[in-house]
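These are my notebook entries on one structure. I begin with a single residue and widen the view from there.

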Amino acid sequence: MTITIIIEELLKDIRERSHLDVQGMEPDMQYRTEAGSDKNEQLKREIVIVSSALTRMLQRYLNVDDTAQADNTLDGRVGQQLVWELDMSDRRASNKAQPLADACHDYLVHYTLARYYKSVNAGELSNTHSLQTADAAGEIEGLLFSKTPPRYEPADGE
């Protein structure tokens, strides 16, 4: 199973949710707090950290990666998309690709916003998105650790 998150779609959802979050604030505060397109570089840095957290959540089912080197630059870590190749049994993977991709997308959006809002001293908004991050993480774990029931197939002659 392959989970692919398109960075531009992720940024679009982050900006849209942030725009809704700051409605009703005074204009100066709204500008400082909103995760607009002028803050893409900061958001991409947060996405790098958050995608690593998601990788840790998916670790049990990730295909083996022989990469033995890593660094802390954005180059190569956040391109056009984030991709996770999962190796799951048929019973565990059954009908879960889209729900898992959606839950991963939500996790990335909310965790990125929680971290971003914390960095701009918007504690209440950060806490709200932290709770939504926990909900998305619970949904991911539920999808990863559930299976379809086994099928009993009688042997010939029974």
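**Entry 1: two asparagines in loops**

I looked up N121 first and recorded it as exposed, with a relative accessibility of 69%. For this I took exposed as over 50% relative accessible area, buried as under 20% and partly exposed as in between, with a 1.4 Å probe and protein chains only. The model is a predicted one, in which local features need pLDDT of at least 70 and side-chain atom pairs count only at pLDDT 80 or more, while totals for chains, interfaces and linings use all residues. Residues are numbered from 1 along each chain as its sequence is written, and side-chain values use heavy atoms, with hydrogens and water left out.

N121 sits in the loop between α5 and α6 (123–144). Its phi is positive, near 60 degrees, and the residue is not a glycine. I then turned to N95, which also has a positive phi, of about 60 degrees, without being a glycine. N95 belongs to the loop between α4 (90–93) and α5 (97–119). Its relative accessible area is 71%, so I entered N95 as exposed.

**Entry 2: the chain as a whole**

I noted six helices and two strands in the protein chain. Helices (H or I, at least four residues) and strands (E, at least two) are DSSP runs, numbered from the N terminus. The order of elements from the N terminus is β-α-α-α-β-α-α-α. Along the principal axes, the C-alpha atoms fill a box of roughly 80 × 35 × 20 Å. The chain has 158 residues, of which 38% count as buried. I also checked contacts (heavy atoms within 4.5 Å). Among those between residues at least 6 apart in sequence, 81% join residues at least 24 apart.

**Entry 3: the strand pair**

How many bridges join strand β1 to β2? I found five, between β1 (residues 2–6) and β2, and the two strands run antiparallel. Strands are taken to pair if DSSP finds at least two bridges between them. Within this pairing, T4 has V83 in β2 as its bridge partner.

In a regular strand, side chains alternate between the two faces of the sheet. For β2 (residues 81–85), I listed L82 and W84 on the covered face, with Q81, V83 and E85 on the uncovered one.

**Entry 4: the nonpolar core**

A nonpolar core is here a set of buried Ala, Val, Leu, Ile, Met, Phe, Trp, Tyr and Cys residues joined through side-chain atoms within 4.5 Å. The largest one holds 38 residues, and L54, W84, Y107 and I140 touch the most other members. At least two residues of this core come from each of β1, α1 (7–21), α3 (40–58), β2, α5 and α6. Helix α5 gives the largest share, 10 residues.

I followed Y107 further. Beyond its neighbours within four places in sequence, Y107 contacts V50, A53, L54, M57, T133, A136, A137 and I140.

**Entry 5: salt bridges**

I searched the whole structure and obtained four salt bridges, each being a side-chain nitrogen of Lys or Arg within 4 Å of a carboxyl oxygen of Asp or Glu. I describe three of them here.

R115 and E46 meet through their side chains at 2.5 Å, N to O. Because R115 lies in helix α5 and E46 in helix α3, this pair ties together parts 69 residues apart in sequence. I entered R115 as partly exposed at 29% and E46 as buried at 9% relative accessibility.

R17 and D106 form another bridge, at 3.6 Å, N to O. R17 is in helix α1 and D106 in helix α5, so the pair links parts 89 residues apart in sequence. R17 is partly exposed at 28%, and D106 is partly exposed at 27%.

K12 bridges to E9, with the closest N and O atoms 3.4 Å apart. Both residues lie in helix α1, three residues apart, about one turn of the helix.

**Entry 6: T33**

Is T33 buried or exposed? I found T33 buried, at 1% relative accessible area. T33 lies in helix α2 (residues 27–33). Not counting residues up to four places away in sequence, T33 touches S18, V22, M25, Y116, Y117, V120, A122 and L125. I also compared T33 with L62: the two are 29 residues apart in sequence and 36 Å apart in space, C-alpha to C-alpha.
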